[in-house]
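Me: I would like to practise reading a structure feature by feature, taking the general idea before the particular case. Could we work through one together?

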Amino acid sequence: PAQQQQRQIREEKVFSLPPRNDNMRRVYAYLLHHRKLDRDVVNAFAHRNLIYESADTHNVVFVGCDRNGNPRHAQKRSTASQGSYKGNVTASQMEHAFHWHGSSEYIFLFEAPIDMLSFISMTQDGWQQHSYAAACSVTDKVLFQMMKDNPNIKYVYICFDNDNAGQSAALSLCGKLTGMNIPSSILTPRLKDWNEDLVQSLEETDEVGMQQTM
């Protein structure tokens, strides 16, 4: 009976993506206006079905696929401006969390999808050629899966949050990589995270623009 129960639990935990809404209006409003992400960057992921809007709760869904393009991970995030809900879909495989495969030797690892997209929005020149991954936590599973899937990756940039948890996880991972003879660097946002950096840099640019027109 115990074995049967375990098998039942395993069978119940099948990964499936939340139902898709027929448009992405709320997701685009949230990502472009509230989070200030670059439209072309969001489009690049949306065109690959890696970002979409859920039909039931209108959450933004960040999809992670395996090397064959099969969805294996999804993180949901509230699109309400005051909403703070975020969570991984049941039975998500952390090693396939939200990512982008590039052809260069560099990979940039983040805690969250929005931070990853914020960083790309700020460093757009030739961004498609690099690899990026959002751990959707501070685990390193997606990093090592990406390195396995992309033998071209030789150098890791760890881009975790500028807080105690993020920086201690970054230092720990840096030490682990050094032990494996994989070169790495830690990139730290000026503020708490990369989205705060993006929003502030755009506000500063707007202020300069207003001063110049006055």
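The dialogue below takes up a sheet, a helix, the nonpolar cores and the salt bridges in turn.

Reply: Before we start, please keep in mind that this is a predicted model.

Me: Let us begin with the sheet, then: what is the order of the five strands in the open sheet, and what kind of pairing do they show?

Reply: In general, the strands of a sheet pair through backbone hydrogen bonds, and the pairing may be parallel or antiparallel. Here five strands make up an open sheet whose order is 5-7-6-8-9, with mixed pairing. Strand 5 and strand 9 are the edge strands, each of them pairing on one side only. Strand 5 and strand 7 run antiparallel and are joined by two bridges, and Trp100 has Tyr132 in strand 7 as its bridge partner.

Me: Which strands does helix 4 touch where it packs on the sheet, and which strands does helix 5 lie across?

Reply: Helix 4 packs on the sheet by touching strand 5, strand 6 (106-110) and strand 7, and its direction makes about 150° with that of strand 7. Helix 5, for its part, lies across strand 5, strand 6, strand 7 and strand 8, and runs at about 155° to strand 7.

Me: Turning to a single helix, which residues of helix 3 are buried?

Reply: The general idea is that an α-helix has 3.6 residues a turn, so residues three or four places apart point the same way. In helix 3, which spans residues 39-47, the buried residues are Val41, Val42, Asn43, Ala44, Phe45 and Ala46. The cover over the buried residues of helix 3 includes helix 2 (25-34), strand 1 (51-53), strand 5 (99-100) and helix 4 (113-122).

Me: What can be read at the start of helix 3, and what just after it?

Reply: At the start of helix 3, Asp38 places a side-chain oxygen within 3.0 Å of the backbone nitrogen of Asp40, while just after the helix Asn49 takes a positive phi of about 60°.

Me: How many residues does the largest nonpolar core have, and which have the most contacts inside it?

Reply: In soluble globular proteins, nonpolar side chains tend to be buried together. The largest nonpolar core in this model has 38 residues, and those with the most contacts inside it are Leu31, Phe45, Ile51, Phe98, Met116 and Tyr132. Two or more residues are given to this core by each of helix 2, helix 3, strand 1, strand 2 (60-65), strand 6, helix 4, strand 7 and helix 7. If we take Ile51 as an example and leave out residues up to four places away in sequence, the residues it touches include Leu31, Val42, Phe45, Phe98 and Leu117. Another core, of 21 residues, lies apart from the largest one, and among its members are Met94, Ile158, Ala169 and Cys174.

Me: How many salt bridges are there?

Reply: Side chains of opposite charge can pair when their charged atoms come close. The count here comes to four salt bridges, and one of them joins the side chains of Asp140 and Lys176, with 2.7 Å from N to O. Asp140 lies in the loop between strand 7 (131-134) and helix 5 (141-149), whereas Lys176 lies in helix 6 (residues 164-179), so the pair ties together parts that are 36 residues apart in sequence.

Me: Is Asp140 buried or exposed, and what does it contact beyond its neighbours within four places in sequence?

Reply: Asp140 is buried, with a relative accessible area of 18%, and its partner Lys176 is partly exposed at 41%. Beyond those neighbours, Asp140 is in contact with Leu173 and Lys176.

Me: Which residues are joined into one network by salt bridges that share partners?

Reply: Lys192 forms a salt bridge with Asp161, their closest N and O atoms being 3.1 Å apart. Lys192 lies in the loop between strand 9 (184-186) and helix 7 (194-213) and Asp161 in the loop between strand 8 (155-158) and helix 6, so this pair ties together parts that are 31 residues apart in sequence. Lys192 also forms a salt bridge with Asp163, where the closest N and O atoms are 3.9 Å apart. Through shared partners, these salt bridges join Asp161, Asp163 and Lys192 into one network. As for exposure, Asp161 counts as buried at 6% relative accessibility, whereas Lys192 at 36% and Asp163 at 26% count as partly exposed.

Notes:
Residues are numbered from 1 along each chain as its sequence is written. This is a predicted model: local features need pLDDT of at least 70, side-chain atom pairs count only at pLDDT 80 or more; totals for chains, interfaces and linings use all residues. Side-chain values use heavy atoms; hydrogens and water are left out. Buried means under 20% relative accessible area, exposed over 50%, partly exposed in between (1.4 Å probe, protein chains only). Helices (H or I, at least four residues) and strands (E, at least two) are DSSP runs, numbered from the N terminus. Contact means heavy atoms within 4.5 Å. A polar contact is a pair of N or O atoms within 3.5 Å; within protein, one must be able to donate a hydrogen and the other to accept it, and residues adjacent in sequence count only if both atoms are side-chain atoms. Two strands pair if DSSP finds at least two bridges between them. Axes are lines fitted to C-alpha atoms, for helices over the stretch in contact, and angles run from 0 to 180 degrees between N-to-C directions. A nonpolar core is a set of buried Ala, Val, Leu, Ile, Met, Phe, Trp, Tyr and Cys residues joined through side-chain atoms within 4.5 Å.
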